[in-house]
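Me: Hey, I've got a structure open and I'm not sure how to read it. Can you walk me through some parts of it?

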Amino acid sequence: MEKWRAASNLRRSLKSIINRRFSPVSDFTYFNEKSSFQTSFSPVGGYKSIGEMNAIQYRYFSSVSTLVQRNPSFSTLNSDDISYFKRILGEKNVIQDEDRLEAVNTDWMLKYKGSSKLLLQPRSTEEVSQILKYCNSRCLAVVPQGGNTGLVGGSVPVFDEVIVNVGSMNNIISFDKVGGILVCEAGCILENLISFLDNQGFIMPLDLGAKGSCQIGGNVSTNAGGLRLIRYGSLHGNVLGLEAVLANGDVLDMLGTLRKDNTGYDLKHLFLGSEGSLGIVTKVSLLTPPKLSSVNIAFLACKDYSSCQKLLMEAKRKLGEILSAFEFLDNQAVDLVLHHLDGVRNPLPASMHNFYVLIETTGSDESYDREKLEAFLLSSMDGGLISDGVIAQDINQASSFWRIREGVPEALQKAGAVYKYDLSLPVEKMYNLVDDMRVRLGNLAKVVGYGHLGDGNLHLNISAPQYDDAILERIEPYVYEWTSKHRGSISAEHGLGLMKANKIYYSKSPETVKIMASIKRLLDPKGILNPYKVLPHSLNS
């Protein structure tokens, strides 16, 4: 691994650069100390029932900071419903086992927990259609579910909604090598699609830390952003078509594979980011880029956030067409990863720096791309933007760099309770919020900032030994008010789900939300699809 280090004062000029290989693994610093945080804690998804009633009519989620009332128009399951579903799906795809239900009722973060008594596993679009047609006629609420890796409570029930998991619909339907167009079912796991395309000489335009579990239908339904949006853009640009089933069972066939189609309204975009509230996505067609042979990864240290910003501007100018990722982490984020994830080592072990940047380039000419990256790094060190840095020499070292960035959510989860905020903000203002939150919270919690700097996407995380309403009151609504004041978005890529449904007005005008609600009523008049999510609860009831 080559190491780029300024010999003395980087602010004056670059006097010398030392190129050398890292020593064997034993030279890396290991961080195996146990954290003082408790790894077990009470889920925020706990609830309080109100009144002397058999069914839960109200639920309070501390992470939502609001009382949610069950829609009284929704029916409850009975034996006839179960019999019907077994007839169309077969007994093994109608799940009532308590242990299985426990898993699908609870989100990945253990913050949200529903009380569904039924999990359905359709194997085809026709079966999804039959399920929804029946549920709509009975007014049974439904939660569409994929890999259940969401972070805002969007993929689990709030009350007793029927869970429809499309994971069994995991076939790759076709792949056009000439056009690079992949058509697949919604239950395909993202990592499996990445592997399939890799064998075909192509790549997915989307890559996430949760790729081993998340499914493409969920990715599309939440308009997931990911690590390489700076290069390949959002799913609004990469999804060519989709198939979706409406609440009444009607199947909308929008599964086009054309780059250009200006025949009327492009309705597929309604379903991207709608979080299953307008229909269940069952098939997707995606435009995939060819796999390029030259990939380089650099892990860099910066003295302050201003240097990170300037480095981004320089990267866009000097790396241009080969820049494929630009991620940043503060020292709190890196420290958490080093302390909580086994086998993760600091590529820059001499000391902890204030900020770290991971840069990836992807191109077709190894020598040209490498020369371009090295020239950029030398120029940036000469200008004092980089304090230290390393370039990966092989795929294992590249993976170890990405492990640090992708491991932050896992490390936060192991550290204890975590309050997550996924925000879009002007890049120059982004880290000011992290600093402000540290002042507000003091010693109550640890504030961590990292994210997709190239996209203006901050992942603000507040880590504490356990969930505490006193901490939440200092975070909300301040975080949302701060974001709105700076004309940001309260959800950059995670969606609104249950957590932020009532917060939508911080990012959208009342007139815009009113139009959204009218679209919801048009496509789902009874409101059975993923209720209590996305739109304010006052408009969902």
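Reply: Sure! One idea to begin with: an axis here is a line fitted to C-alpha atoms, for helices over the stretch in contact, and angles run from 0 to 180 degrees between N-to-C directions. Also keep in mind that this is a predicted model.

Me: Okay, so at what angle do helix α1 and helix α3 pack, and how far apart are their axes?
Reply: Helix α1 covers residues 79–89 and helix α3 covers residues 125–138. They pack at an angle of about 165 degrees, and their axes are 10 Å apart. Angles over 145 degrees count as roughly antiparallel, so α1 is roughly antiparallel to α3.

Me: And which hand does the crossing of α1 and α3 have?
Reply: The crossing of α1 and α3 is right-handed.

Me: Which residues make that contact?
Reply: On the α1 side you'll find Asp-80, Asp-81, Tyr-84, Phe-85, Ile-88 and Leu-89. From α3 come Glu-127, Gln-130, Ile-131, Tyr-134, Cys-135 and Arg-138. Sorted by class, the contact has 7 nonpolar, 1 polar and 4 charged residues.

Me: Switching to sheets. What's the strand order in the open sheet of 5 strands?
Reply: The order is β8-β9-β12-β10-β11, and the pairing is antiparallel. From one strand to the next, the twist averages 10 degrees.

Me: Which strands stand at the edges?
Reply: Those are β8 (172–176) and β11 (251–254). Each has a single partner strand, so one side of each is left without a neighbour in the sheet.

Me: What actually holds strands together in a sheet, generally?
Reply: Strands of a sheet pair through backbone hydrogen bonds, either parallel or antiparallel.

Me: Back to β8 then. How many bridges are there between β8 and β9?
Reply: β8 pairs with β9 (residues 181–185) over 4 bridges, in the antiparallel sense. If you want to spot the pairing on screen, Asp-176 stands opposite Ile-181 in β9, and Phe-175 stands opposite Leu-182 in β9.

Me: What about the hairpin they form, which residue there has a positive phi?
Reply: That's Gly-180, with a positive phi near 70 degrees. The hairpin of β8 and β9 has 4 residues between the strands.

Me: Which helix lies across β8 and β9?
Reply: Helix α4 (residues 190–200) does, running at about 35 degrees to β8.

Me: Where else could I look for a positive phi?
Reply: Try Asn-223, which has a positive phi of about 50 degrees although it is not a glycine. Asn-223 sits in the loop between α5 (216–222) and α6 (229–232). Glu-275 has a positive phi too, about 55 degrees, and it is not a glycine either. You'll find Glu-275 in the loop between α8 (268–271) and β12 (280–287).

Me: Is Glu-275 buried or exposed?
Reply: Buried: its relative accessibility is 9%, and the cut-off for buried is under 20%.

Me: New topic: where is the cis peptide bond?
Reply: It runs from Glu-476 to Pro-477, with omega near 5 degrees. Pro-477 is in the loop between α15 (469–475) and α16 (478–485).

Me: Last one, what surrounds His-459?
Reply: His-459 is in strand β19 (residues 457–464), and at 4% relative accessibility it counts as buried. Leaving aside its neighbours within four places in sequence, its contacts include Arg-405, Tyr-421, Asp-422, Glu-493 and His-494. The C-alpha atoms of His-459 and Met-430 are separated by 9.9 Å, with these positions 29 residues apart along the chain counted as their spacing.

Note on methods:
Residues are numbered from 1 along each chain as its sequence is written. This is a predicted model: local features need pLDDT of at least 70, side-chain atom pairs count only at pLDDT 80 or more; totals for chains, interfaces and linings use all residues. Side-chain values use heavy atoms; hydrogens and water are left out. Two strands pair if DSSP finds at least two bridges between them. Helices (H or I, at least four residues) and strands (E, at least two) are DSSP runs, numbered from the N terminus. Contact means heavy atoms within 4.5 Å. Angles under 35 degrees count as roughly parallel, over 145 as roughly antiparallel, 65 to 115 as roughly perpendicular and the rest as oblique. A crossing is left-handed if the near helix is turned anticlockwise from the far one by less than a right angle, and right-handed if clockwise. Ala, Val, Leu, Ile, Met, Phe, Trp, Tyr, Cys and Pro count as nonpolar, Asp, Glu, Lys and Arg as charged, and the others, Gly among them, as polar. Buried means under 20% relative accessible area, exposed over 50%, partly exposed in between (1.4 Å probe, protein chains only).
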